[in-house]
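Notebook, aromatic contacts: I wanted to see how the aromatic rings are arranged here and how far the model can be trusted where they sit.

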Amino acid sequence: DLESYLQRCQQLPVTVLTDHQDLNNTELKTILNSTAPQQYRIRAKLRTYKPQKLYQSIKLYCSKCNSLQEVPDGDDFDFILQGSAVTAPNPELHNTSWYDSVMWTTQDQKQRKIAIHFVKHDEMLQQPEDTLLMIEGGTLKEVWKLTKRFKCVIPVRSTEDDLELLDPSAPFLLQGNIKYYGCKQCSTPKPIKSLSSIAAEQRPSWEPTEIAQVLGIVPLQYVFIMKFTLVDATGALNVYLFDY
């Protein structure tokens, strides 16, 4: 993996870090005094790199406002789900023209009420691998179980008039093992009924970008970021890696 590779690089006396075989080696001092953009081939030692743990390199990036933020951990999402479960699902919002609803009460001490809304297409339910559903009152474990069987899962809660997305810190969509987040600054969440426009399409694909657009969400992208400090006899150069 990258972490062990970087550790090996630090142990070598000289490391080739770029692969422009058609270029001559350039001293770091020359690069520091040049204007960007340029292309160079260097020979340098890796002095330091950040972050030290590879998982810390993954961030969430908003291409609209250029903000970066940490990826929330599962405990944050679980806490938001527990808070939303305090409000019972509103039965008046069940079984609309574009989704079918199922509700039950858990057998544990808390007796939580859980509602799942299955989005229909042409008044029919799709195959599980093509289905988008919305869940109210579920735990993190229950949500992940659903993502293994159904294409898309959206955690929601009831209001008096419509279903709505949870806290802006929560993912607006789960697909497989991926959590999709929206930018808190740039998003203007719309009511869940906005999704009915996709359900009415000839072949709903339930793509995350399309779901985000109709829900008024500006999606955050997962990016990989690292900082390296390279040195040779002439100077030190900070190098930033930023990639999707």
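I searched the whole structure, which is a predicted model, for aromatic pairs and found five of them.

I looked first at Tyr61 and Tyr244, whose rings form a tilted pair with 6.4 Å from centre to centre and 55° between the planes. I then checked where the two partners lie along the chain, and they come from distant parts of it: Tyr61 belongs to strand 3 (residues 58–61), while Tyr244 falls in the segment after strand 14 (235–243), 183 residues apart.

Is each partner buried or exposed? I noted a relative accessible area of 12% for Tyr61, which is below the 20% cut-off, so Tyr61 counts as buried. For Tyr244 I noted 59% relative accessibility, which is over the 50% cut-off, so Tyr244 counts as exposed.

I turned next to Trp98 and Tyr99, whose ring centres lie 4.9 Å apart with the planes at 80°; because an angle over 60° counts as edge-to-face, I entered the pair under that heading. Both Trp98 and Tyr99 are buried.

Returning to Tyr61 and Tyr244, I asked which residues make up their aromatic cluster, and found that Phe242 joins these two tyrosines in one cluster.

Last, I looked up the confidence of the protein chain, for which the mean pLDDT is 89 and 92% of the residues reach 70 or more. Confidence is lowest in strand 1 (residues 15–16), with a mean of 50, and highest in strand 11 (residues 173–175), at 97. I add a caution for my own reading: where pLDDT is low, the predicted coordinates should not be read in detail.

Notes. Residues are numbered from 1 along each chain as its sequence is written. This is a predicted model: local features need pLDDT of at least 70, side-chain atom pairs count only at pLDDT 80 or more; totals for chains, interfaces and linings use all residues. Side-chain values use heavy atoms; hydrogens and water are left out. pLDDT is the predictor's confidence in each residue, from 0 to 100. Helices (H or I, at least four residues) and strands (E, at least two) are DSSP runs, numbered from the N terminus. Rings of Phe, Tyr and Trp (its six-membered ring) pair if their centres lie within 6.5 Å; planes under 30 degrees apart count as stacked, over 60 as edge-to-face and the rest as tilted. Buried means under 20% relative accessible area, exposed over 50%, partly exposed in between (1.4 Å probe, protein chains only).
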